[in-house]
Structures are given as C-alpha cells and as structure tokens.
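I sat down with this one over coffee and kept notes as I went. Here is what I looked up, entry by entry.

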Amino acid sequence: MNRTVKRGGALLFAIILFAAILIAAAGLFYFRYGFVFGEGVKAGVLNRVVYKGYVFKTYEGYIIQEGFNSTTGKASGNVIQSNEFYFSVTDKAIADSLMYHCGGKHVQLHYKEYRGALPWRGQERFIVDGIVSVSDYQ
C-alpha cells in the first residue's frame with residue numbers, strides 16, 4: 001500500500017512539473033513572438049516590396065528614410081550610408097497597394113514591432129499593418 005502511494009505521488013509530481021514547464025515554454029514563446037513590443041510610424045521613400053520565400057512566401061520591403069547614418073570604427077572605417085527601414089507585410093491588400101501604387105513615393109507606414117520573427121509572418125521583426133499617407137517625392 002505504501003509503495004503505491006509513493007508511485008502515485010511521484011507520478012503526480014512529474015505531471016505537475018511537466019505541465020509547469022510546458023506553460024512556461026508557451027509563455028516565453030508568446031512573449032518572444034506574439035507580444036507586440038512597440039508600434040509606431042516610419043516615413044521615407046518606398047524602395048522595394050517583394051513577395052519571396054522558399055517554403056513560406058511573405059511580403060518583404062524597405063523604405064529609405066531621410067538623413068544619413070554614420071558608422072565609425074576600426075573594422076568599418078568612416079562610412080556614411082542611408083537609413084533604411086526593413087519590414088514585412090502580412091496583409092495582402094496592403095502589400096499590393098505598396099507594390100503597385102506607392103513605389104518611389106514618400107510613404108508613412110504604421111508598424112508593429114515584435115521581439116522575434118516567425119517564418120510564416122515574415123523575415124523581419126517589424127510588421128507593417130497600415131499605410132498612413134502617400135505623397136509624391138520631392
């Protein structure tokens with residue numbers, strides 16, 4: 001009788017421990033890939049939006065923002081480069097609008113930032129979910 005109680009207690013402990021580890025892993029996965037870390041608006045000239053991927057086809061693009069980014073250091077030297085904002089788009093309607101109507105124009109894009117990228121959501125952590133404005137580039 002005493003052995004049966006010990007085995008049952010050990011089994012119950014193992015089940016509770018497994019459930020706790022599973023819940024913790026699910027929480028960490030959600031925090032890393034599902035939790036919106038930040039959101040905002042970026043503006044610049046739309047340079048490219050493409051539909052690409054081997055297994056998961058996603059819309060990827062980038063805009064070139066005004067101003068320059070300067071990197072200095074022993075390995076990189078003194079380099080001046082443009083500021084680029086790389087993003088993914090999950091909504092086909094928004095991606096089509098960017099691809100076919102906004103190329104080369106000044107756009108303001110609303111985005112959400114996640115802590116990690118998922119292959120079926122896109123290659124970037126920044127997901128564009130809206131177009132705020134579009135104007136001709138001067």
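**Entry 1: the overall picture**

I began with the surface: the protein chain exposes about 9,500 Å², and carbon and sulfur atoms supply 60% of that area. I noted straight away that this is a predicted model, so I am reading computed values throughout. Next I looked at burial, and 25% of the 138 residues of the protein chain count as buried.

I then listed the secondary structure and found two helices and five strands. In sequence order they follow the pattern α-β-β-β-α-β-β. I also checked how far the contacts reach: among those between residues at least 6 apart in sequence, 58% join residues at least 24 apart.

**Entry 2: how strand 4 is paired**

I went to strand 4 and looked for its partners. Strand 1, residues 36-52, pairs with strand 4 in the antiparallel sense, over nine bridges. To get my bearings there, I picked out Gly44, which stands opposite Val107 in strand 4.

I found strand 5 paired with strand 4 as well: eight bridges join the two, and they run antiparallel. My marker for this pairing is His110, whose bridge partner in strand 5 is Gly130. I jotted down a reminder for reading any strand: when it is regular, its side chains alternate between the two faces of the sheet.

**Entry 3: salt bridges**

How many salt bridges does the structure hold? I counted three, and I took them one at a time.

I started with Asp96 and Lys92, whose closest N and O atoms are 2.8 Å apart. Both residues lie in helix 2, residues 92-101, and they are four residues apart, about one turn of the helix. I looked up the exposure of Lys92 too, and at a relative accessible area of 48% this lysine is partly exposed.

I moved on to Lys112 and Asp129, whose side chains meet in a salt bridge at 3.9 Å, N to O. This pair links distant parts of the chain, with Lys112 in strand 4 (residues 106-114) and Asp129 in strand 5 (residues 126-135), 17 residues apart. I have Lys112 down as partly exposed, at 27% relative accessibility. Asp129 is also partly exposed, at 33%.

I then turned to Glu113 and Arg125, which form a salt bridge with their closest N and O atoms 3.4 Å apart. Glu113 sits in strand 4 and Arg125 in the loop between strand 4 and strand 5, so this pair ties together parts that are 12 residues apart in sequence.

Is Glu113 buried or exposed? I found 14% relative accessibility, so Glu113 counts as buried, the cut-off being under 20%. Arg125, in contrast, is partly exposed, with a relative accessible area of 30%.

**Entry 4: aromatic pairs**

I searched the whole structure for aromatic pairs and got nine. I looked at Tyr51 and Tyr59, whose ring centres are 4.6 Å apart with the planes at 35°, so I call the pair tilted. Tyr51 is partly exposed, with a relative accessible area of 47%, whereas Tyr59 counts as buried at 10%.

I also checked Tyr62 and Tyr86, a tilted pair at 4.9 Å centre to centre, with 35° between the planes. What does this pair tie together? Tyr62 lies in strand 2 (residues 58-71) and Tyr86 in strand 3 (residues 79-89), so the pair ties together parts that are 24 residues apart in sequence. On exposure, I noted Tyr62 as buried, at 13% relative accessibility. Tyr86 is partly exposed, at 36%.

I followed the ring pairs further and came to a cluster, in which they link Phe85, Phe87, Tyr111 and Phe126.

**Entry 5: arginines over rings**

I finished by checking for charges over aromatic faces. Which residue lies over the face of Phe37? I found Arg115 there, at 4.4 Å from the ring centre. I also found Arg121 over the face of Tyr114, at 3.9 Å from the ring centre.

**Entry 6: looking back**

I like having strand 4 as my landmark: strand 1 pairs with it over nine bridges, and strand 5 is joined to it by eight. Lys112 of strand 4 forms a salt bridge with Asp129, and Glu113 of strand 4 forms one with Arg125.

Key. Residues are numbered from 1 along each chain as its sequence is written. This is a predicted model: local features need pLDDT of at least 70, side-chain atom pairs count only at pLDDT 80 or more; totals for chains, interfaces and linings use all residues. Side-chain values use heavy atoms; hydrogens and water are left out. A salt bridge is a side-chain nitrogen of Lys or Arg within 4 Å of a carboxyl oxygen of Asp or Glu. Buried means under 20% relative accessible area, exposed over 50%, partly exposed in between (1.4 Å probe, protein chains only). Rings of Phe, Tyr and Trp (its six-membered ring) pair if their centres lie within 6.5 Å; planes under 30 degrees apart count as stacked, over 60 as edge-to-face and the rest as tilted. A charge sits over a ring if NZ of Lys or CZ of Arg is within 6 Å of the ring centre and within 35 degrees of the ring normal. Contact means heavy atoms within 4.5 Å. Accessible areas come from the Shrake-Rupley method with a 1.4 Å probe; for residues, only the protein chains shown count as cover. Two strands pair if DSSP finds at least two bridges between them.
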